[in-house]
Amino acid sequence: MRFTPPYDIDYSQRTPSPDVDELFYQRWSPRSLKKALLPDDVVTTVLDAARWSPSAFNEQPWLFITSSTEDEFNTFLDLLTETNRSWAKDASLLGFIFAKRNHAHNSSPNRLSFFDCGAAWMAMTLQARKFGLYTHGLGGILRDKTYGVLNVPEDIYEVICGFTLGVIDMPEKLEDEFKARESPSPRKSLNEIWKKGQF
Ligand SMILES: Cc1cc2nc3c(=O)[nH]c(=O)nc-3n(C[C@H](O)[C@H](O)[C@H](O)COP(=O)(O)O)c2cc1C
């Protein structure tokens, strides 16, 4: 199964080195989404991709909680900031990513858990792209409420962010503020983020 975008996406602001796979530079975070029901096996595959990510001590400190019914979707939507709610309402699925606070092997604070969760999130995202789907990270969430509403023990897990998984739609349907930003964004140059030898 593969969802196809309803328009030609303009990647001209993205200038990857010649052999970078399009899976990477054609990933972006659209806000214009078309409500579509995703088959269970597609959602399972997307989440399962996250499972294969590397993590410190192979502790796999990530926890994904996703909506699976319309009622849950609406409950999850209420955990987003108002701005995010205004466009995320058309996502097919909403989710939250939590990280285990402490190492399993010695109970000390796990300083690498967010890093590991980021890797898992990216694996999930790229698997979603294989289906033509898009994710969008959501830092704008009502953090304090997530634990109670999703029944997650706050002493064990820390919420990182929410996310949408969905099917892309036409930019025109967005409010002006978002419409103007609805395209794959540019990046810093490679030599800004990569130094050989020393800073
Ligand atoms: C952890 C994380 C949190 C984000 N939070 C939000 C958010 O609350 N609202 C939003 O509209 N976009 C959010 N974004 C999307 C970023 O703005 C976007 O990824 C960034 O501008 C790069 O654009 P691209 O993903 O289209 O390449 C978030 C992305 C990540 C990875």
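Leaving aside neighbours within four places in sequence, Phe76 is in contact with Ser67 and Leu94. Phe76 sits in helix H3, which covers residues 70–77, of what is a predicted model. Is Phe76 buried or exposed? Phe76 counts as buried because 24 C-beta neighbours fall inside 10 Å, and the threshold for that label is 20 or more. For a sense of scale, pick out Ser55 as well: Phe76 and Ser55 are 21 residues apart in sequence, and their C-alpha atoms are 27 Å apart in space.

From one buried residue, let us move to the core. The largest nonpolar core holds 35 residues, and those touching the most other members are Ile97, Phe98, Cys117, Ala120, Met124 and Leu165. Two or more residues come from each of H2, strand S2 (62–66), helix H4 (82–88), strand S3 (93–100), H5, S4 and strand S5 (157–168). Which element gives the largest share of this core? That is S5, with seven residues. Phe98 is a good residue to select in your viewer: if you do not count residues up to four places away in sequence, Phe98 touches Leu63, Val152, Tyr157, Glu158, Val159 and Ile160.

Now turn to a pair of helices. Helix H2 (residues 40–51) packs with helix H5 (residues 113–130) at an angle of about 145°, and their axes are 7 Å apart. The crossing in which H2 passes H5 is right-handed. On the H2 side, the contact is made by Thr45, Val46, Leu47, Ala49 and Ala50, while H5 brings Ala120, Ala123, Met124, Gln127 and Ala128. Sorted by character, the residues of this contact are eight nonpolar and two polar, with no charged ones. Two of the H5 names may look familiar: Ala120 and Met124 belong to this helix contact, and they are also among the core residues that touch the most other members.

Next comes the ligand. Around the ligand you will find Trp28, Ser29, Asn84, His136, Gly137, Leu138, Gly139, Gly140, Cys161, Pro184 and Ser185. Strand S4 (residues 134–138) gives the most to this shell, with three residues. How do the residues of the shell divide into nonpolar, polar and charged? Seven are polar, four are nonpolar and no charged residue takes part.

Let us finish in the loops, where some backbone angles deserve a look. Most residues other than glycine have a negative phi. Asn58 is not a glycine, yet its phi is positive, at about 50°. Asn58 is found in the loop between H2 and S2, and Asn58 counts as exposed because it has 8 C-beta neighbours inside 10 Å. Ser107, also not a glycine, has a positive phi of about 70°. The place to look for Ser107 is the loop between S3 and H5. With 9 other C-beta atoms within 10 Å, Ser107 is therefore exposed, as the cut-off for that label is 12 or fewer.

One more loop residue is worth a stop. Glu154 is found between helix H6 (143–150) and S5. Why does Glu154 count as partly exposed? It has 14 C-beta neighbours inside 10 Å, and this count falls between the limits for exposed, 12 or fewer, and buried, 20 or more. To see how far the chain reaches from here, draw a line from Glu154 to Gln198: these two are 44 residues apart along the chain, and their C-alpha atoms are separated by 40 Å.

Notes: Residues numbered from 1 in each chain as written. Predicted model: local features only at pLDDT ≥ 70, side-chain atom pairs only at ≥ 80, totals over all residues. Axes fitted to C-alpha atoms, helices over the stretch in contact; angles between N-to-C directions. Helix = DSSP H or I, 4+ residues; strand = E, 2+ residues; numbered from the N terminus. Left-handed = near helix turned anticlockwise from the far one by under 90°. Contact = placed C-beta atoms within 7 Å. Nonpolar A, V, L, I, M, F, W, Y, C, P; charged D, E, K, R; others polar. Near = placed C-beta within 6 Å. Core = buried A, V, L, I, M, F, W, Y, C linked by C-beta atoms within 7 Å.
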